[in-house]
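Have a look at the fold below and take a moment to turn it around. We'll start with a single spot in a loop and then work our way into the interior.

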Amino acid sequence: MRGAVLVALVAAVGNMLQGWDNATIAGSLMYIKKEFNLQTQPTMEGLIAAISLIGATLITTFSGPVSDMLGRRPMLIVSALMYFLSGIVMFWSPNVYVLLIGRILDGFGTGLAVTLVPVYISETAPPEIRGLLNTFPQFMGSGGMFVSYCMVFGISLMDSPKWRIMLGILSIPSIAYILLTIFYLPESPRWLVSKGKMREAKEVLQRLRGREDVSGEMALLVEGLDVGREGAIEEYIIGPATDGETTEKGQVKLYGHEEGMSWVAKPVTGQSNLGIVSRQGSMANQNVPFMDPLVTLFGSVHENIPAMGSMRSMLIPNSGSMFSMIGNQGRNENWDEENARDDEDSAGGNADSDDNLQSPLLSPQESSVEKDAARPVNSSMLSMRRNSSLFNPGDEASTGIGGGWQLAYKYSERTGKDGRKEGGIQRMYLKQEVPVGPQRGSFLSVAAAVEPEEAEFVQASAVVSQTAVRSKQVLGQIPDVPSKVEPSQKVDKGPSFGDLFEPGVKRALIVGVTIQLLQQMSGINGVLYYTPQILEQAGVAVLLSNMGLRSDSASLFLSLLTALSMLPCILVAMRLMDVAGRRSIMLYTIPVLVVSLLALVLSDVVNVGSVLHAIISAASVMTYISFFVMGFGAIPNIICAEIFPTSVRGLCITICALTFWFGDIAITYLLPVMLNSLGLAGVFTIFAFACIVSWIFVFLKVPETKGMPLEVISEFFAVGATAIPKND
């Protein structure tokens with residue numbers, strides 16, 4: 001995990017530079033106005049501050065699709081170069097127009113960093129700590145603001161402060177970012193897989209995970225290229241099968257890539273939270289009007305509902321393997337770059353490639369059991385006879401895909417409309433429910449050679465859909481497949497705007513765009529705009545003046561304190577992001593934002609005395625900022641980086657990021673006008689109402705994504721949009 005942490009930290013330097021620039025332009029603008037005589041040109045003054053937002057919006061329009069074509073890493077390198085060039089240009093700028101060019105270059109760097117760093121971190125981080133790592137950009141951004149304010153404050157103490165030095169220093173940390181992105185950051189393994197560069201993707205994953213066996217995750221990345229459109233949630237009880245055993249009616253046989261390793265599975269219904277949700281649309285939230293069943297579907301994975309009693313094992317994190325012995329048998333993982341996604345007809349051309357491809361994709365019934373075993377259980381979950389252990393909590397999962405999930409495959413066939421039989425391999429994302437325990441005389445018909453007391457069975461829920469990979473050799477493992485049975489074919493297409501209208505992608509876009517818009521409407525721009533005035537009213541400015549600070553230095557010091565107050569709050573969010581979860585943090589922090597805003601309104605409307613007014617205002621502002629950065633500040637970007645399929649992630653992130661930037665520009669532009677026309681109380685009342693709407697939307701529409709692999713999240717959106725009944 002250490003590799004993933006360091007990579008995320010380096011990538012987040014781009015956000016540190018964004019925070020650095022935000023602080024330097026705020027601190028230097030008063031000196032720029034004096035040198036260029038802009039006191040009577042408020043439009044030019046506003047343009048200097050806002051043109052970087054325009055540049056960020058312009059570059060964001062292209063960043064997602066271009067990163068899908070060229071890769072995430074090259075775009076981060078471009079971001080670092082833009083930061084460096086902007087610092088040089090701003091340091092040199094002989095007039096205001098050259099300064100504007102430097103500011104727009106800075107906006108290009110900011111737009112790329114804000115849009116792509118969360119995507120890059122999400123695509124490289126393990127599911128168990130993805131939330132923590134994706135909080136790095138928020139922490140680094142606030143840290144950059146704090147360091148920059150310290151620098152600007154120090155320069156402001158000089159007899160003649162130099163604004164060019166304030167802005168130009170940005171190029172120094174930018175050099176370090178350029179070197180780190182070029183020589184240290186690897187390319188996203190998910191992007192590499194999407195381009196067929198399997199060997200390179202495997203090497204990157206091994207570096208990020210710190211282990212050799214990454215076959216399960218490699219399989220997952222390939223499957224993530226195609227989100228199932230006809231998925232379903234199924235429940236199984238899985239037990240061992242002996243060599244030569246035939247499945248009985250009602251059973252499903254799960255095949256492994258190594259001889260002698262297979263299991264039989266009995267479909268069941270009504271035995272798991274996930275299964276019940278998939279049929280009934282809701283469990284605990286059945287009586288909640290307008291609750292999106294997708295929210296309950298995700299929640300069934302995370303929440304322990306006592307009445308069901310089947311989610312206990314999910315609450316204990318673990319990276320244990322269903323098949324620990326697979327990793328010890330020297331699996332061949334040398335995927336071929338050109339043939340990773342060969343379909344059945346072309347599979348025979350490169351035997352080595354096909355063998356290597358199927359190795360990570362089909363493992364001995366990692367299926368239902370594999371996912372379930374990824375979490376440590378208090379007892380030995382299923383100690384299968386001899387070495388065919390389905391779960392072994394102590395080992396890394398060779399086919400585990402993170403967060404306690406496992407990837408497996410089964411063969412299925414059906415009769416098409418033309419009467420022909422169609423068959424194919426189906427992928428299964430599995431999560432363990434409650435273990436059934438030793439079954440004497442079980443319906444799973446364990447082979448006669450196995451004593452009943454030696455066999456144990458596992459209950460698992462599975463999200464099942466058609467696999468993205470076809471291989472003739474995979475089908476060759478399955479006995480008695482009629483020669484006329486053909487695997488269903490899927491056309492491998494690149495991303496297009498038409499993909500945005502797929503039910504799962506469309507549902508995810510609604511969540512991503514709305515949460516970005518609501519974040520901008522929650523009032524953070526207004527609070528930050530008003531903070532210096534609030535703190536001045538609280539008497540902080542007078543205290544600083546008595547210490548001998550000029551008014552400009554005192555103002556910068558107040559901003560420095562504000563940036564400093566954010567850091568411990570973000571550290572708390574880091575700790576909670578993968579424990580409490582994204583949704584829960586927002587549900588708990590947004591009400592605090594509402595209370596803080598209403599307190600500001602009341603202190604402005606009700607005459608409570610100057611001292612009490614200053615105390616209430618200062619406390620409300622600091623509380624608002626602290627809880628905003630813990631929740632609504634960082635989480636929308638995290639969620640948007642998680643919920644879209646690999647094939648359209650760049651395109652969807654562009655749409656969400658444009659919503660963010662347009663909202664930012666609109667609120668920044670309208671805020672002074674609203675303050676003049678409605679007053680502070682009116683504006684903050686609107687912000688409080690927007691926060692209430694945000695809480696309702698999060699509660700009803702935003703699912704919990706903590707600890708889930710990105711591909712499983714996308715599959716859940718697809719299944720939830722098509723296969724789950726809605727609540728009445």
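Asn 37 is out in the open, with a relative accessible area of 53%; anything over 50% is called exposed here. Keep in mind that we're looking at a predicted model. You'll find Asn 37 in the loop between helix H2 (13-36) and helix H3 (42-70). Its backbone is worth a glance too: phi of Asn 37 is near 55 degrees, a positive value in a residue that isn't glycine.

Now zoom out. The protein chain has 27 helices and eleven strands, and of its 728 residues, 61% count as buried. Among contacts with a separation of 6 or more, 81% come from residues 24 or more positions apart. On the outside, the accessible surface comes to about 27,900 Å², with 61% of that belonging to carbon and sulfur atoms.

So what's inside? The largest nonpolar core has 79 residues, and Met 586, Phe 644, Phe 684 and Phe 716 have the most contacts within it. Helix H26 (residues 649-701) gives the most to this core, with 15 residues. The core also draws at least three residues from each of domain 2 (229-268 + 404-413 + 423-433 + 456-468) and domain 3 (498-723). Apart from it lies another core, of 72 residues, including Leu 29, Met 75, Ala 113 and Phe 153.

Next, the aromatics: the structure holds nine aromatic pairs. Trp 405 and Phe 716 make one that is edge-to-face, at 5.8 Å centre to centre and 90 degrees between the planes. Trp 405 sits in strand S7 (residues 405-415) and Phe 716 in helix H27 (residues 710-722), so this pair ties together parts that are 311 residues apart in sequence. Trp 405 is buried, at 0% relative accessibility, and Phe 716 is buried with a relative accessible area of 0%. Along with Phe 298 and Phe 717, they form one aromatic cluster.

For a more local pairing, go to helix H26, where Phe 684 and Phe 687 lie three residues apart, about one turn of the helix. Their ring centres are 6.0 Å apart and their planes are at 40 degrees, so the pair counts as tilted. Phe 684 is buried at 1% relative accessibility, and Phe 687 is buried at 3%. Leaving out residues up to four places away in sequence, Phe 684 touches Gly 526, Val 527, Tyr 530, Leu 597, Leu 600 and Val 601.

Finally, the cysteines. A search of the whole structure finds zero disulfides. Cys 150 is partly exposed, with a relative accessible area of 31%, whereas Cys 691 is buried at 0%.

Definitions and conventions. Residues are numbered from 1 along each chain as its sequence is written. This is a predicted model: local features need pLDDT of at least 70, side-chain atom pairs count only at pLDDT 80 or more; totals for chains, interfaces and linings use all residues. Side-chain values use heavy atoms; hydrogens and water are left out. A disulfide is a pair of cysteine sulfur atoms within 2.5 Å. Buried means under 20% relative accessible area, exposed over 50%, partly exposed in between (1.4 Å probe, protein chains only). Helices (H or I, at least four residues) and strands (E, at least two) are DSSP runs, numbered from the N terminus. A nonpolar core is a set of buried Ala, Val, Leu, Ile, Met, Phe, Trp, Tyr and Cys residues joined through side-chain atoms within 4.5 Å. Domain bounds come from an automatic or database domain assignment. Contact means heavy atoms within 4.5 Å. Accessible areas come from the Shrake-Rupley method with a 1.4 Å probe; for residues, only the protein chains shown count as cover. Rings of Phe, Tyr and Trp (its six-membered ring) pair if their centres lie within 6.5 Å; planes under 30 degrees apart count as stacked, over 60 as edge-to-face and the rest as tilted.
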